[in-house]
Amino acid sequence: MRVLSGVQPSGKLHIGNYFGMMKPAIELQEQGEAFLFIANYHALTSVHEGAALREMTRDVALDFLACGIDPERTAFYRQSDVPEVHELAWLLSVLTPMGLLERCHSFKDKTAKGLAASHGLFAYPVLMAADILAVNATVVPVGRDQKQHVEVTRDVATRFNNAFGEVFVMPEPSIRETVAVVPGIDGQKMSKSYHNTIEIFGSGKPLKKRIMKILTDSKELEDAKDPDMCNVFALYKLFADEAAQVELAERYRAGGMGYGHAKTELFETMERYFEPMRERRMRLEKDPDFVEDVLRAGAKRASEVAQDVLGRAREAVGLA
Ligand code: ADP
Ligand code: TRP
C-alpha cells in the first residue's frame, strides 16, 4: 500500500480538514509508505500574493507535523519541490477529455463562489492526477468532495495505459464515511471558502467565541432536544469518547440543558484534544531548520519516485 494525500495552503486548517483528511492520512502512515504534500501549485488558483502563500505554506507544514506526521515513515514535501508533476500533468492533459473536466463539481462550486474561472482552476484535476500517479499511490485518503478527482485520475490513467502501455498504478480513494463531511458553524460543509470553519489550532477566548456561534434551533432551555439534529453534537462526537457521547445525548433528550452548555462541553473537549498537538506546534515553531530539513528530505524521496515514473511515461509516449 502506498498512501498519498495533499492539502492546499490556502488558509488556516480546520477540523474538517483534520478529521476528513489529516487524521486518516496520519493513521494510514502506520500501515504502509506514505507521501503527504503541501499543494502550493494548487493554492495558486486562489492565492495571488507571494508573502501570504509563503506564510500559509509554513503554517500548514507546522500543523501537519504537530498533528503527527512521522518524517521517518512519511515523505512530507512541498508540491513545488517536485516539479516533475508538471511535465506529467501535460502528458495526462492531452488525453483528458474536456467533458470530463466540465463535469467536475469543484470548478463549478468555486466559480459560483466568485473564484476567477482561470484555466488553472479548470485544469486542476489533471495536476491532481499527476500528484497521485507520480508516486505510484494506491490509496488516497480524502474528504468526500475530492472523490470525483480521484475518479478523474483513474479515468485518465486508464486512457494513458491503454494508449501507451502500463505505466501508471491505479489509485483508490479512501473516504471515512463518518467524517466525510464535517459540518461548519452554520451547518453547511465546513470549508475555508464558506467562512464557517473552526480552526485546529484556535484556543482560549477566540475558540470559545467561535464555538458559541454554532447555529442551533430555537428550543428553550427546558425543552427536550434531539442530539442527532444538532450541529454542536455532530462536532462533539468527533472529539468525545463513546461514554461521553452517550452521556451528553441523554442530557439533550432529558431537557433542562441549554445549547450554551453543550457548546461549553464541546469547547473544553476540543481544547483537551488538541492540547498535546498545540504544545508540539509551539516547539516546532522555534525550530524552522528542522521543518525545512524534513520538507527537503521528503521532496528528495518523492522526486526519486516521480523521476522514475516520468521517465517511463516519456519513453512510452515517444519523447525520450
Ligand atoms: P476547504 O474546503 O476548506 O478549502 P480543502 O479543499 O483544502 O478544504 O480540503 C483539504 C482536504 O480536507 C480534502 O481532502 C478535503 O476533502 C478535506 N475536507 C475539507 N473540508 C472537509 C469537511 N468539512 N469534512 C471532511 N473533509 C473535509
Ligand atoms: N485537491 C485537493 C484539495 O483541494 C488537494 C490535492 C491536490 C490533493 N493534489 C492532491 C489531494 C492529490 C489528494 C491527492 O483538497
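Glu151 and Lys147 form a salt bridge in this predicted model. Their closest N and O atoms are 3.8 Å apart. That falls inside the cut-off, since a salt bridge here needs a side-chain nitrogen of Lys or Arg within 4 Å of a carboxyl oxygen of Asp or Glu. Why can these two residues be linked to a single turn? Both belong to helix α8, which covers residues 147-164, and they are four residues apart, so about one helical turn separates them. By the same rule, the count of salt bridges comes to 25.

Now turn to ligand 1. It has 18 residues around it. The nearest are His14, Asp145, Val182, Ser191 and Lys192. Look next at the polar contacts. Gly143 places a polar backbone atom 2.8 Å from an oxygen atom of ligand 1. Val182 also uses its backbone: an N or O atom there lies 2.8 Å from a nitrogen atom of ligand 1. Lys189 uses its side chain instead, with a polar atom 3.0 Å from an oxygen atom of ligand 1. How much of ligand 1 does the protein cover? On its own, ligand 1 has 540 Å² of accessible area, and the protein covers 94% of it.

Where does this ligand sit? The space taken by ligand 1 is the largest pocket. Which element gives the largest share of its shell? Helix α1, residues 15-28, does so with four residues. The shell is mixed in class. Eight of its residues are nonpolar, seven are polar and three are charged.

Ligand 2 comes next. Here 13 residues form the surroundings. Gln8, Tyr124, Met128, Asp131 and Gln146 are the closest. Three side chains make polar contacts with nitrogen in this ligand. Tyr124 has a polar side-chain atom 2.5 Å from a nitrogen atom of ligand 2. For Asp131, the distance from a side-chain N or O atom to a nitrogen atom of ligand 2 is 2.8 Å. For Gln146, the matching distance is 3.0 Å, again from a side-chain N or O atom to a nitrogen atom of ligand 2. The protein covers 92% of the 370 Å² of accessible area that ligand 2 has on its own.

Ligand 2 also sits in the largest pocket. Which elements give two or more residues to its shell? They are β1, residues 2-7, and α7, residues 119-134. The largest share comes from α7, which supplies four residues. Sorted by class, the shell around ligand 2 holds seven nonpolar residues, five polar ones and one charged residue.

Keep both sites in view as you turn the model. Find helix α1 for ligand 1. Find α7 for ligand 2. Each of these gives four residues to the shell of its ligand. Then return to helix α8 and pick out Lys147 and Glu151, the pair about one helical turn apart.

Definitions and conventions:
Residues numbered from 1 in each chain as written. Chains lettered and ligands numbered in written order. Predicted model: local features only at pLDDT ≥ 70, side-chain atom pairs only at ≥ 80, totals over all residues. Heavy atoms only, no water. Near = heavy atom within 4 Å. Polar contact = N/O pair within 3.5 Å; in protein donor to acceptor, adjacent residues only side chain to side chain. Areas by Shrake-Rupley, 256 points an atom, 1.4 Å probe, with all protein chains shown as cover. 1 Å grid on protein atoms, 1.4 Å probe; cavity = no way out; pocket = protein on both sides within 12 Å on 5 of 7 lines; lining within 4 Å. Sits in = over half its atoms within 2 Å of the grid points. Nonpolar A, V, L, I, M, F, W, Y, C, P; charged D, E, K, R; others polar.
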